[in-house]
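Got a few minutes to look at a protein model together? Have the sequence and the 3D view open, and let's walk through it piece by piece.

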Amino acid sequence: MKMLEILRRKTELREEIESHLRMATADRVARGESPVDARRAAVREFGNVPLVADVTRERWGWLRLERLAQDLRFALRQLRRTPAFTTTVLLTLALGIGANAAIFSLVNAVLLKNLPVSDPKRLVRLGDNSHDCCVGRNGTREEGAYSNFSTDTYVRLKQSLPEFEELAAMQAGWAYRPVIARRDGAQNEARSVTAEFVSGNYFATFGLRPGAGRLLIDADDLPGAPATAVMSYETWQHEFNGDTAIVGSTFWVNTKPLTVVGVAPRGFFGDRMAVTPPDFYLPIQTMASLANASYVNDPETNWLYIIGRVKPEVPPALLQEKVNAVLRQAFAMQRDFSTVNGKSFLARVHATLTPGGEGIQTMQEGYGFQLHLLMWIAGVVLLIACANIANLLLVRGMGRRTEMSVRLALGAMRGRIVRQLLTESILLASLGGLLGLALAYGGSRMLLVLAFPGAQNVPIEATPSLAVIGFAFALSVLTGILFGVAPAWISAQARPADALRSGTRTTVSGTSLLQRTLVVLQAALSLVLLVGAGLFSQSLGKLQNTDLRLDARNRYIVHINPQAAGYSGIQLEALYRTIEDRFHAVPGVVKVGISTYAPMEDNRWSNYIMVQRDPGAKGLAGFVRANADYFNSVGTKVVMGRGFDPRDTSNAPSVAVVNQAFQQKFFGGKNPIGQRIGFPDSPGDFEIVGVVDNTVYTDVHLKDDPMYFVPMMQRPASDKSPIERDISLYAGTIVLETAQPIDGMERIASKILPASTQI
Amino acid sequence: MATRSSYQNRIELLQGTLDMLILKTLQWGAQHGYGISQAIRVTSGEVLQVETGSLYPALHRLERQGWVTAEWKQSESNQRAKFYKITKLGKEQLASDYERWEKMVATIEAIMTSRRGVV
């Protein structure tokens, strides 16, 4: 609107001046002058036409705007005239800024963001790490720090700590234990989904409002209460199209019915960042029946994380002391702490209070180091980019000194020249910044896809935040101004005549020092980056060339969950035999391995092990249960003694196979066959019958990890606890080795497996 | 060169008087820029020559102040030209300018004709 008005005024003024000149010419012609002379005289008399026009337009206050447009046009023309320079600067800027903004967006999303809950500052977590994961007994610990707790401990904490407005508990290891859910109705299919068991006040603690229906309340979490669940917003939208009939409908979870009472609020992905956020939130008390987990109400089994909302004005130090005191009371009742030895550990028991606003920081712990490293690398890249651009701008500025001198000599104002160059720099920097933002958006999306392959609802937004945009722009503009205007300023200070006379020699010494500094800086930073990149690619190469000591050819892995399917401990041996028989009946299947975990899965068990004849040899060792075919089916070589065979049933003497790392750690590399190992209070439980290669479990970084293997159903004689309580007997994977690739293995497996054991 | 010599004994306009002169000229009727400059020149007996470099900025300033309005019309010589017309506000401004001018002239007159030490 304003621009149009300016243009109109401008043409009008031109017309007005023209009509003035015509009238003056006409008067002179009337007085007898020739038309050509008259015109010339009229123009001369009028004076400097453009200047008059300028001064007149200034009366309207628009000249600044016009000059800016002029400067911009001129700057664009200048940049077009040097495409190589422009492209180099733009690409450098885009790369430097883009990489930083992308990585900062990710860091911001993963490391710095609070959960989308009300007043996250008042949330406090009991415990500080996620190594205490999933399910396990307390055990006495040297350092005495605990982060997950039994249901009993949770209830006791909740009752004895009025400092908390609400204290909620949540399942520590839900990510590893999917459930099978099916909406009521004949045509609906059962699907493996993620579910998290949480206390009734879970949503109240986080201060959330339902997306639909209602959220869980304490009454849902009472023993004997009707089974209820809350569905996640994403699942509601993606799987059920936001159908409001979901609220109040019946679902079959692990073959047991429950009512979905509501939907979690939009944007809430649970209490921690996870690759696959929970689809359902279920009350803790339904776990015993839904997941067949006997440990829910076992006072000795820890499986819950605890986060609470502290009442305002509770001093943290006091709260910490009180939490520890209650914990010690709770732990004092437990088996591990009632022995003389155990009591001595009690004084050290504590749970470090940490801010809970960011939730359980599993992912933050997992990715924190890498993200910080990325951030440093990106920072160095940006510095190099800035030095590079500064250099280019300086050289360009020096190259244009003659041009500047000529313009000065022609009467251009210094301020005007500096302003022109400033416009040019800012334009360049802004363009670079915009490109960088585009790159940042694409880049953070790409990083997310790399970090969470196949996840359909990633709990992280790829959009760069306002802070990131501001940061990126400020940085690009600052670089542009600093290094674009410096040479202009220097040359504007020089006397044009001098500059013209001696070319670029007069002030060259001052700037070349700056230039040299920049080059040195650039080289130094590049070297740092190069060394980093070299080390990185070397370790990547090492990881890639790691011999995992397993054979992936013609192998299929089927995941099962007999525990969730409701199989009890005594039924398992028969179930495993059925599975073995049915798969062996499939043409082409060579080996059927059954185990708790297969190599390179993201979890496994771990126990404190002792050698019977050498009480000094003790420590943690990985633990996997496996059947007779297992080692062959994954391609693990038996290097000494024997593997398992079908005679290693629950009634046979308990045996174990250890890997070479175990042999090295516990026996100093000596022959371990015939030796007995076990837990500290029963060190003679298992006789070692074989040694296998160090196959990589859990993570490629754990390639030389001591491990021991035990037949699927063998329990040591000393273990008098009921078989129902031993959840290590539940297999998680079936590894099939086939003679040749078999199409449709998934379909075959689902037909063969007893219904509801499959995942 | 002949045209130029006839303006040689022109005098510089006093600061701020150009607006008043333009407004006064416009009191006789709407006029374009060239007409205004000619009118001032003729009326002043060829003594005052308004510089175009100050005339047009002044006209646009007056227009912005709302003391004159402008309109495109055919001139007497059948040229399209921008005619300026004094507004009511402009007339008031002219009156107050004139009053101030008279006061100033009287004051200057008093100073110039007084005798030293008489006060």
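Here is a short tour, going from whole chains down to single residues. Keep in mind that this is a predicted model.

**The two chains at a glance**

- Let's start with chain A, whose secondary structure comes to 22 helices and 24 strands.
- Chain A has 759 residues, and buried ones make up 50% of them.
- Take the contacts in chain A between residues at least 6 apart in sequence: 78% of these join residues at least 24 apart.
- Chain B has 119 residues, with 38% counting as buried.
- Five helices and three strands make up the secondary structure of chain B.
- Read from the N terminus, the elements of chain B go α-α-β-α-α-β-β-α.
- For chain B, 53% of the contacts between residues at least 6 apart in sequence join residues at least 24 apart.

**Nonpolar cores**

- A bit of background first: in soluble globular proteins, nonpolar side chains tend to be buried together.
- How many residues does the largest nonpolar core have? The count is 82, and the residues with the most contacts inside this core are Leu126(A), Phe164(A), Phe280(A), Trp303(A), Phe331(A), Phe583(A) and Ile734(A).
- Helix H10 of chain A, covering residues 316-332, supplies the largest share of that core, with six residues.
- There is also a second, separate core of 31 residues, and its members include Met20(B), Ile40(B), Val50(B) and Tyr56(B).

**How helices pack in chain B**

- Another handy idea: two packed helices are described by the angle between their axes and the distance between the axes.
- Try helix H2 and helix H4 (residues 52-65) of chain B, whose axes come within 10 Å and cross at roughly 75°.
- An angle from 65 to 115 degrees counts as roughly perpendicular, so that is how H2(B) and H4(B) sit relative to each other.
- On the H2(B) side, the contact is made by Leu18(B), Asp19(B), Ile22(B) and Leu23(B), while H4(B) brings Ser54(B), Leu55(B), Ala58(B), Leu59(B), Arg61(B) and Leu62(B).
- Sorted by class, the residues in this contact of H2(B) with H4(B) are seven nonpolar, one polar and two charged.
- Now swap the partner: the axes of H2(B) and helix H3 (residues 33-43) of chain B also come within 10 Å, and they cross at roughly 100°.
- That crossing makes H2(B) roughly perpendicular to H3(B) as well.
- Here H2(B) uses Leu21(B), Ile22(B), Thr25(B) and Leu26(B), and H3(B) answers with Ile36(B), Ala39(B) and Ile40(B).
- The contact of H2(B) with H3(B) has six nonpolar residues, one polar and no charged ones.

**Helix H5 of chain B**

- Helix H5 of chain B (residues 88-113) has 26 residues.
- From its first C-alpha to its last, H5(B) reaches 37 Å, close to the 38 Å expected at 1.5 Å a residue.
- Which residues of H5(B) are buried? Look for Gly90(B), Gln93(B), Leu94(B) and Asp97(B).
- Helix H2 (17-27) and strand S3 (80-86) of chain B are included in what covers these buried residues.

**Two buried residues in chain A**

- Arg125(A) sits in strand S1 of chain A, residues 123-126.
- Is Arg125(A) buried or exposed? Buried means under 20% relative accessible area, and Arg125(A) counts as buried because its value is 3%.
- Arg125(A) and Ile360(A) are 235 residues apart along the chain, yet their C-alpha atoms are separated by 7.8 Å.
- Beyond its neighbours within four places in sequence, Arg125(A) is in contact with residues including Ser147(A), Tyr305(A), Thr352(A) and Ile360(A).
- Ser150(A) is in the loop between strand S2 (136-137) and helix H6 (151-160) of chain A.
- With 0% relative accessibility, Ser150(A) counts as buried too.
- Leaving out neighbours within four places in sequence, the contacts of Ser150(A) include Asp298(A), Trp303(A) and Gln334(A).

**Two unusual backbone angles**

- Most residues other than glycine have a negative phi.
- Asn241(A) is not a glycine, but its phi is positive, at about 50°.
- You'll find Asn241(A) in the loop between helix H8 (233-240) and strand S9 (250-253) of chain A, and at 68% relative accessibility it counts as exposed.
- Glu313(A) also has a positive phi, near 65°.
- Glu313(A) lies in the loop between strand S13 (304-310) and H10 of chain A, and it is exposed, with a relative accessible area of 82%.

Methods: Residues are numbered from 1 along each chain as its sequence is written. Chains are lettered from A and ligands numbered from 1 in the order in which they are written. This is a predicted model: local features need pLDDT of at least 70, side-chain atom pairs count only at pLDDT 80 or more; totals for chains, interfaces and linings use all residues. Side-chain values use heavy atoms; hydrogens and water are left out. A nonpolar core is a set of buried Ala, Val, Leu, Ile, Met, Phe, Trp, Tyr and Cys residues joined through side-chain atoms within 4.5 Å. Buried means under 20% relative accessible area, exposed over 50%, partly exposed in between (1.4 Å probe, protein chains only). Helices (H or I, at least four residues) and strands (E, at least two) are DSSP runs, numbered from the N terminus. The expected span of a helix is 1.5 Å times one less than its number of residues. Contact means heavy atoms within 4.5 Å. Axes are lines fitted to C-alpha atoms, for helices over the stretch in contact, and angles run from 0 to 180 degrees between N-to-C directions. Angles under 35 degrees count as roughly parallel, over 145 as roughly antiparallel, 65 to 115 as roughly perpendicular and the rest as oblique. Ala, Val, Leu, Ile, Met, Phe, Trp, Tyr, Cys and Pro count as nonpolar, Asp, Glu, Lys and Arg as charged, and the others, Gly among them, as polar.
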